[in-house]
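Please take a moment with the sequence and the structure below before reading on. The paragraphs that follow lead through a few parts of the structure in turn.

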There are 4 protein chains.
Amino acid sequence: MKSAEELAEHFKKFPGVGPRQAKRFVYHLLTVARGNAARIADLISALPGETAVCPECKRFFAKDKNNLCPICRDPRRERNTLAIVCRDVDIEAIEKSGSFRGRYFVLGGTIPILDNAPERHVRLKELILMVSKAASSPDNALAEIILATNASPEGDHTADIIKASLAPIAAKSKFRISTLGRGLSTGTELEYADSDTIGNALRNRKDNSR
Amino acid sequence: MKSAEELAEHFKKFPGVGPRQAKRFVYHLLTVARGNAARIADLISALPGETAVCPECKRFFAKDKNNLCPICRDPRRERNTLAIVCRDVDIEAIEKSGSFRGRYFVLGGTIPILDNAPERHVRLKELILMVSKAASSPDNALAEIILATNASPEGDHTADIIKASLAPIAAKSKFRISTLGRGLSTGTELEYADSDTIGNALRNRKDNSR
Amino acid sequence: MKSAEELAEHFKKFPGVGPRQAKRFVYHLLTVARGNAARIADLISALPGETAVCPECKRFFAKDKNNLCPICRDPRRERNTLAIVCRDVDIEAIEKSGSFRGRYFVLGGTIPILDNAPERHVRLKELILMVSKAASSPDNALAEIILATNASPEGDHTADIIKASLAPIAAKSKFRISTLGRGLSTGTELEYADSDTIGNALRNRKDNSR
Amino acid sequence: MKSAEELAEHFKKFPGVGPRQAKRFVYHLLTVARGNAARIADLISALPGETAVCPECKRFFAKDKNNLCPICRDPRRERNTLAIVCRDVDIEAIEKSGSFRGRYFVLGGTIPILDNAPERHVRLKELILMVSKAASSPDNALAEIILATNASPEGDHTADIIKASLAPIAAKSKFRISTLGRGLSTGTELEYADSDTIGNALRNRKDNSR
């Protein structure tokens with residue numbers, strides 16, 4: 001069953017899919033979803049053509065008559081704040097929180113800790129270009145860049161490299177570079193929290209007197 | 001992103017896939033697997049045409065110049081023993097054990113416990129036809145049918161219904177109907193075993209004296 | 001907090017208890033259960049004196065005016081069948097199944113696979129003594145010994161060593177030695193079962209024709 | 001086996017222990033730990049007498065010739081900062097982080113959300129007394145109280161009630177009341193974070209420019 005096996009090999013590379021589940025996907029397409037196989041194939045082959053990368057923020061969006069993605073072309077989004085994220089899914093999570101009114105830039109990945117060529121993993125050149133342009137915009141110039149990376153060693157490392165790369169422009173154009181606040185996340189119990197989290201929660205404590 | 005959403009809806013129906021993972025599959029096709037999307041689509045659309053249902057055992061196999069699947073056309077397989085399984089994957093598991101030399105029949109599903117129309121869930125008519133033919137074969141007639149179902153309430157129920165349906169032919173043609181042995185499976189500890197399993201292990205105990 | 005720490009060290013050796021939980025036990029005794037601490041201490045110190053090892057089957061039971069445990073002194077238990085188990089909890093599991101009417105012998109442990117001195121792990125001498133006596137009993141002599149060990153490599157190994165040790169008496173006194181039946185345990189699905197279990201389930205299949 | 005059963009009932013109330021594990025504890029004391037049972041009983045019965053509640057912070061400590069616990073009598077601890085925690089284990093976690101140099105007060109519990117009598121769950125009266133005394137201390141008066149509760153609904157509720165109870169003294173004595181910082185805890189990935197956590201991480205973001 002050669003092409004079934006080749007297909008299972010592709011499914012095995014899907015995120016979170018093991019060899020057994022990959023085979024079950026093929027079997028699912030042969031049986032339950034047999035009638036939908038042609039439609040699924042059409043959707044997959046059409047996918048690259050129907051989506052575009054936004055030339056500003058680099059996220060994927062459903063191609064339409066517009067050049068920019070819905071966020072980048074929304075006049076109500078603040079143009080002086082930029083959140084730099086690693087992946088498209090991070091934008092989804094931040095948008096769902098309803099706590100951010102600025103714009104985004106998608107790096108397209110994270111920078112592994114022992115890697116000397118960050119530009120192989122993230123869109124560094126495009127970022128510098130975009131930030132330079134935004135910083136020198138005559139009206140509504142960039143005031144703050146938020147490095148919205150995960151609270152993991154790789155996320156921290158990525159934020160460090162990006163900060164170093166943007167430092168010269170930030171110095172010249174006088175915008176802030178910030179990172180996401182650290183402390184207790186929802187559900188954290190002190191008893192099970194690591195010392196870094198407790199230390200951050202104490203350092204970043206909030207005056208509740210008023 | 002309409003077609004991406006439709007595709008995610010299809011992925012959500014894949015076995016063991018939740019809504020978040022379905023979205024990640026679409027994103028995976030847009031990014032990491034972008035270059036393979038066309039190939040994956042081709043494989044999926046070709047799948048139904050490149051596979052056939054074996055007219056004897058009803059399992060799927062890679063279509064070739066032969067009419068029957070590799071097991072059904074293998075002259076070394078015993079023709080007097082038939083294992084009835086619910087799904088193709090059960091054949092794979094049994095073949096891997098290397099403990100069965102007979103042939104198979106795939107029911108295509110299980111029979112829900114409170115269902116009065118078993119023929120809507122399994123290939124009952126085709127089974128009776130196939131068994132009748134095998135039982136009346138002049139040479140090498142059917143000697144035993146093994147109901148190889150899961151040790152679950154639904155598996156037991158399916159075996160019961162199939163047994164009842166085959167009983168008249170079995171009586172006439174004098175073949176045995178057996179079910180898989182029950183007892184301790186590899187790794188079972190008495191302390192955590194249910195009473196049914198312990199009861200079966202005691203009833204089906206094996207004389208090791210000789 | 002020296003004695004609290006010593007107590008936590010003891011709790012850490014309790015089955016399934018980690019260092020953090022051991023500390024919480026101490027804290028629980030200091031707070032919530034403070035009023036019960038004296039009673040718990042009394043119960044623990046009384047425990048060895050209030051329980052006895054049955055001189056026949058070697059299991060623990062609440063000491064009373066009787067010498068033998070409730071099972072060994074029950075005249076309704078069959079005296080010709082003996083189940084050999086590794087631990088007291090195995091008796092509980094088998095009794096709960098209601099499928100055994102004979103008597104027991106508790107080995108007190110399992111024999112590690114690469115160990116050459118089985119008598120350091122199980123009551124081998126006591127077993128041979130007990131079996132010799134039972135085998136030569138004038139009335140109702142031993143007809144069968146069931147080696148009721150777990151379906152694990154160590155359980156199998158223990159059964160093998162015990163069988164070899166009892167083989168001479170069995171040959172002379174003509175009782176059977178059996179092991180628990182292997183096959184599908186409750187809930188086993190063929191798709192996820194290992195090849196040994198499937199092989200056993202096929203070999204030990206049950207004729208359901210009648 | 002009556003006293004064994006009574007003991008198992010006590011073990012069942014130990015934190016994180018189920019009925020089966022409770023029985024195994026008794027069996028462990030009867031077998032493996034039989035030789036230590038007397039010592040364990042001694043330690044448990046001595047426990048209440050060998051520990052004392054610190055009259056200042058209310059935590060348990062190993063009774064010695066001192067009246068106060070090691071933290072409360074340590075002259076190097078800052079006397080102007082007080083962390084209010086729910087349980088002794090929270091002090092352990094904070095001390096391990098090495099990020100706090102002040103003193104503690106143990107409430108002894110949390111206040112359930114729909115409860116109108118907080119004093120039944122926490123040491124409210126003792127807290128108010130202790131804070132009043134600390135606030136009016138002539139030298140080194142209280143400057144800040146940190147409500148170090150878990151990031152859970154019950155932890156938040158407890159912090160709210162405590163804050164309201166202390167507000168009058170705080171207003172008069174001019175000390176701050178703060179809560180632990182919220183944001184990403186170690187290991188948090190944006191993709192899986194809840195909207196509250198992301199919102200807090202954005203609001204509490206940190207200027208990294210300098």
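**A sheet shared between chains**

In chain C, strand E5(C) and strand E6 (residues 176–179) run parallel to each other and are paired over four bridges. Within this pairing, C:Ile145 has C:Ile177 as its bridge partner in E6(C). The model in which these strands appear is a predicted one.

These two strands belong to an open sheet of five strands, whose order is E7(B)-E6(C)-E5(C)-E3(C)-E4(C) and whose pairing is mixed. At its edges stand strand E7 (206–207) of chain B and E4 of chain C, each of which pairs on one side only. Helix H6(C) lies across E3, E5 and E6 of chain C, and its direction makes an angle of about 170° with E5(C).

A sheet of five strands is also found with chains A and D, where the open order is E4(A)-E3(A)-E5(A)-E6(A)-E7(D), again with mixed pairing. Here strand E4 (103–106) of chain A and strand E7 (206–207) of chain D are the edge strands, and each has a single partner strand, so one side of each is left without a neighbour in the sheet. Strand E3 (residues 81–85) of chain A pairs with E4(A) in the parallel sense over four bridges, and the bridge partner of A:Leu82 in E4(A) is A:Arg103.

Two helices of chain A lie across strands of this sheet. Helix H4 (residues 88–97) of chain A lies across E3 and E4 of that chain, running at about 155° to E4(A). Helix H6 (residues 153–173) of chain A lies across E3, strand E5 (144–147) and strand E6 (176–179) of chain A, and runs at about 170° to E5(A).

**How chains A and D are related**

Two copies of a chain are related by a rotation about an axis and a shift along it. For chains A and D, a rotation of 180° with 0.1 Å of shift along its axis superposes chain A on chain D, with an RMSD of 0.1 Å. That is the relation of a two-fold axis. Among the residues of chain A, A:Gly183 comes closest to the rotation axis, with its C-alpha at 2.3 Å. Of the interface residues of chain A, 100% are also interface residues in chain D, so the copies meet through the same surface.

**A helix with two faces**

Helix H5 (residues 124–135) of chain B consists of twelve residues and reaches 16 Å from its first C-alpha to its last, close to the 16 Å expected at 1.5 Å a residue. Which residues of H5(B) are buried? They are B:Leu124, B:Leu127, B:Met130, B:Val131, B:Ala134 and B:Ala135. These buried residues cover an arc of only 130° around the axis, which puts them on the same side of H5(B). An α-helix has 3.6 residues a turn, so residues three or four places apart point the same way. On the other side of H5(B), the residues B:Lys125, B:Leu129 and B:Lys133 are exposed. The cover over the buried residues of H5(B) includes strand E3 (81–85), strand E4 (103–106), strand E5 (144–147) and helix H6 (153–173) of chain B.

In chain C, the buried residues of H5(C) are C:Leu124, C:Leu127, C:Met130, C:Val131, C:Ala134 and C:Ala135. Seen down the axis of H5(C), its buried residues fall within an arc of 130°, so they line one face of the helix. The face turned away from this buried side of H5(C) carries C:Lys125, C:Leu129 and C:Lys133, which are exposed.

**Two places in the loops**

In chain A, A:Lys58 lies in the loop between strand E1 (51–53) and strand E2 (60–62). Its phi is near 70°, a positive value in a residue other than glycine, and A:Lys58 is buried, with a relative accessible area of 16%.

Another loop, in chain D, runs between strand E4 (103–106) and helix H5 (124–135), and holds D:Ile113. With a relative accessible area of 43%, D:Ile113 is partly exposed. Leaving aside its neighbours within four places in sequence, D:Ile113 is in contact with D:Pro153, D:Glu154 and D:His157. The C-alpha atoms of D:Ile113 and D:Gly155 are separated by 9.3 Å, although these residues are 42 residues apart along the chain.

Note on methods
Residues numbered from 1 in each chain as written. Chains lettered and ligands numbered in written order. Predicted model: local features only at pLDDT ≥ 70, side-chain atom pairs only at ≥ 80, totals over all residues. Heavy atoms only, no water. Least-squares fit on C-alpha atoms with pLDDT ≥ 70 in both. Contact = heavy atoms within 4.5 Å. Expected span 1.5 Å × (residues − 1). Buried < 20%, exposed > 50% of the residue type's maximum accessible area, 1.4 Å probe, protein only. Arc of directions from axis to C-beta. Pairing = 2+ DSSP bridges. Axes fitted to C-alpha atoms, helices over the stretch in contact; angles between N-to-C directions.
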